[in-house]
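User: I should like to learn how to read the ligand surroundings and helix contacts of a structure. Could we work through one case together?

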Amino acid sequence: MKKALISGISGQDGSYLAELLISKGYEVHGIVRRASVSNTRRIDHLLHPGEMRGEFLQLHFGDVTDSSRLAALIDQIEPNEVYNLAAQSHVQISFHEPVHTSEVVALGALKMLEAVRNAGAGHTRFYQATTSEVYGNVNISPQDEKTPFHPDNPYACGKVFAFHQVRLYREAYGLHASNGILFNHESPRRGHNFVTRKITRGLARIVAGRQDKLLLGNLDARRDWGHAKDYVEAMWMMLQQASGGDYVIATGKSHSVRDFLDTSFGLLGLDWSDHVDIDPKLLRPIDVNEFIGDFSKARQAFGWEPKISLQDLAREMVMTDLLHEDVDPAQFDL
Ligand code: NAP
Ligand code: GDD
């Protein structure tokens, strides 16, 4: 039975990846941070009630800033595949917490790589969660693996550092290590303070009468939005290749925040402009105007392509958030 270790398993992608690997017969291990209240909500269905383990999933307390703990876990588990998904992943918060963000995003990735290398784990394959944010406002469209990096926030700077460490470990030490350069991907499990989820959750709360207004920042930004479920499949596919590499994972289509408002409010027959106000505090010191990715390399190398459309993604998110707010989605023509 293959063994995988996932950092960031309690996050959006970690939860979908754990489900995918378990469905493929893996024994999955995950690193979780100790928190005063449980942070395993997204993976509780994979665990025995009240325990840190399930039939195919075992959780271990740890933190990617703690080298000694990472080394001990790699030694103990001897994973065939390591997926480094841990991050302070919020771009705006990275402007407020640049040092912490860098410690997790940049040094955390390096510490994971060192733990794998020092274990002499020649059989261990490594996945790094790189991001379209590495391109920033590069003004070349669409972005692919050859597009120069121009990181425009502390989070993206940390991810560029980690990208090059992964490339270096591949070239210098022969590690099977890959960078998935993933463009934005969303789901009903997306954190509440990312824009798509903030919109679908806000919409559901407005319909339920629990919220009056939805406060947003830059509505003109354009993103290439896919579904997290499709994207974790690409992570796994990268590690099944004969050697490591760097791959863009995207849909090739870009939409503005305004478009996402049109789509999600439109599903319930509402006009978002009656409910949305702009809050200047939500504007960033620099924002990236547009991301749009070219995923041809991944399609050619291992046949990956996105399956779920933005319309279906928005519908799933709106339906799930309506249910969370005890509103019956059946009353709408979804
Ligand atoms: P997410 O929902 O914010 O999850 C982040 C995960 O990292 C959580 O499990 C979090 O644990 C964990 N974490 C944070 N700091 C840690 C630390 N010091 N040690 C160990 N774990 C730590 O992010 P996501 O959307 O799933 O994204 C997964 C990865 O892909 C991230 O690296 C992100 O930067 C990258 N990425 C995401 C996207 C996207 O659009 N979603 C696109 C490109 C790249 P807690 O639950 O305890 O907070
Ligand atoms: N979060 C947020 N909240 N964003 C808003 C808001 C708001 O109220 N109003 C407008 N936006 C705009 C942001 O300024 C940005 O241009 C866009 O919506 C998307 O913001 P987020 O959903 O926070 O995502 P992101 O693009 O900054 O970062 C996400 O995608 C990256 C991949 O490109 C994160 O998941 C990163 O971790 C990931 O690397």
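Analyst: Let us begin with a term. In sorting residues by class, Ala, Val, Leu, Ile, Met, Phe, Trp, Tyr, Cys and Pro count as nonpolar, Asp, Glu, Lys and Arg as charged, and the others, Gly among them, as polar. The structure shown is a predicted model. In that model, the shell around ligand 1 holds 9 nonpolar, 10 polar and 5 charged residues.

User: Which residues around ligand 1 come nearest?

Analyst: A residue belongs to such a shell if one of its heavy atoms lies within 4 Å of the molecule. For ligand 1 there are 24 such residues, and Ser10, Arg33, Asp63, Ser89 and Tyr155 come nearest.

User: Which elements supply at least two residues of the shell around ligand 1?

Analyst: Residues 12–23 form α1, residues 125–131 form β5 and residues 154–173 form α5; each of these elements supplies at least two residues of that shell. The largest share is that of β5, with 3 residues.

User: How should I read polar contacts, and what is there for ligand 1?

Analyst: A polar contact is a pair of N or O atoms within 3.5 Å. The side chain of Asp63 places a polar atom 2.8 Å from a nitrogen atom of ligand 1. Oxygen atoms of the ligand have partners as well: a polar side-chain atom of Tyr155 is 2.5 Å from an oxygen atom of ligand 1, and for Lys159 the corresponding distance to an oxygen atom is 2.9 Å. As for cover, ligand 1 has 900 Å² of accessible area on its own, of which the protein covers 90%.

User: Please apply the reading to ligand 2. Which residues come nearest there?

Analyst: Ligand 2 is surrounded by 24 residues, and the nearest are Ser89, Thr131, Ser132, Tyr155 and Arg284. By class, its shell comprises 10 nonpolar, 8 polar and 6 charged residues. Both α6 (195–207) and β8 (214–216) supply at least two residues of this shell.

User: Which atoms of Thr131, Asn184 and Val195 take part in contacts with ligand 2?

Analyst: In Thr131, an N or O atom of the side chain is 2.6 Å from an oxygen atom of ligand 2. Asn184 likewise uses an N or O atom of its side chain, at 2.7 Å from an oxygen atom of the ligand. Val195 uses a backbone N or O atom, which lies 2.8 Å from an oxygen atom of ligand 2. The protein buries 96% of the 710 Å² that ligand 2 exposes when taken alone.

User: Let us turn to helix contacts. At what angle do the axes of α6 and α8 cross?

Analyst: A helix pair is described by the distance between axes, the crossing angle and the handedness. The axes of α6 and α8 (residues 257–267) come within 10 Å and cross at roughly 35 degrees, and the crossing is right-handed. On the α6 side, Val195, Thr196, Ile199, Thr200, Leu203 and Ile206 take part, meeting Val257, Phe260, Leu261, Ser264 and Phe265 of α8. This contact has 8 nonpolar, 3 polar and no charged residues. Val195 thus appears in a helix contact and in a backbone contact with ligand 2.

User: How is the pair of α1 and α7 to be described?

Analyst: Here the axes of α1 and α7 (residues 228–239) come within 9 Å, with a crossing angle of roughly 65 degrees. The crossing of these two helices is right-handed. From α1, Gln12, Asp13, Tyr16, Leu17, Leu20 and Leu21 meet Ala228, Lys229, Val232, Glu233, Met235 and Trp236 of α7. The classes in this contact are 8 nonpolar, 1 polar and 3 charged residues.

User: Where do the backbone features at Pro142, Asn139 and Glu78 lie?

Analyst: Pro142 lies in the loop between β5 and α5; the peptide bond that joins Ser141 to Pro142 is cis, with omega near -10 degrees. Asn139 lies in the loop between β5 and α5, and its phi is near 60 degrees, a positive value in a residue other than glycine. Glu78, also not a glycine, has a positive phi of about 50 degrees and lies in the loop between α2 (67–77) and β4 (81–84).

Technical notes: Residues are numbered from 1 along each chain as its sequence is written. Chains are lettered from A and ligands numbered from 1 in the order in which they are written. This is a predicted model: local features need pLDDT of at least 70, side-chain atom pairs count only at pLDDT 80 or more; totals for chains, interfaces and linings use all residues. Side-chain values use heavy atoms; hydrogens and water are left out. A polar contact is a pair of N or O atoms within 3.5 Å; within protein, one must be able to donate a hydrogen and the other to accept it, and residues adjacent in sequence count only if both atoms are side-chain atoms. Accessible areas come from the Shrake-Rupley method with a 1.4 Å probe; for residues, only the protein chains shown count as cover. Helices (H or I, at least four residues) and strands (E, at least two) are DSSP runs, numbered from the N terminus. Axes are lines fitted to C-alpha atoms, for helices over the stretch in contact, and angles run from 0 to 180 degrees between N-to-C directions. A crossing is left-handed if the near helix is turned anticlockwise from the far one by less than a right angle, and right-handed if clockwise. Contact means heavy atoms within 4.5 Å.
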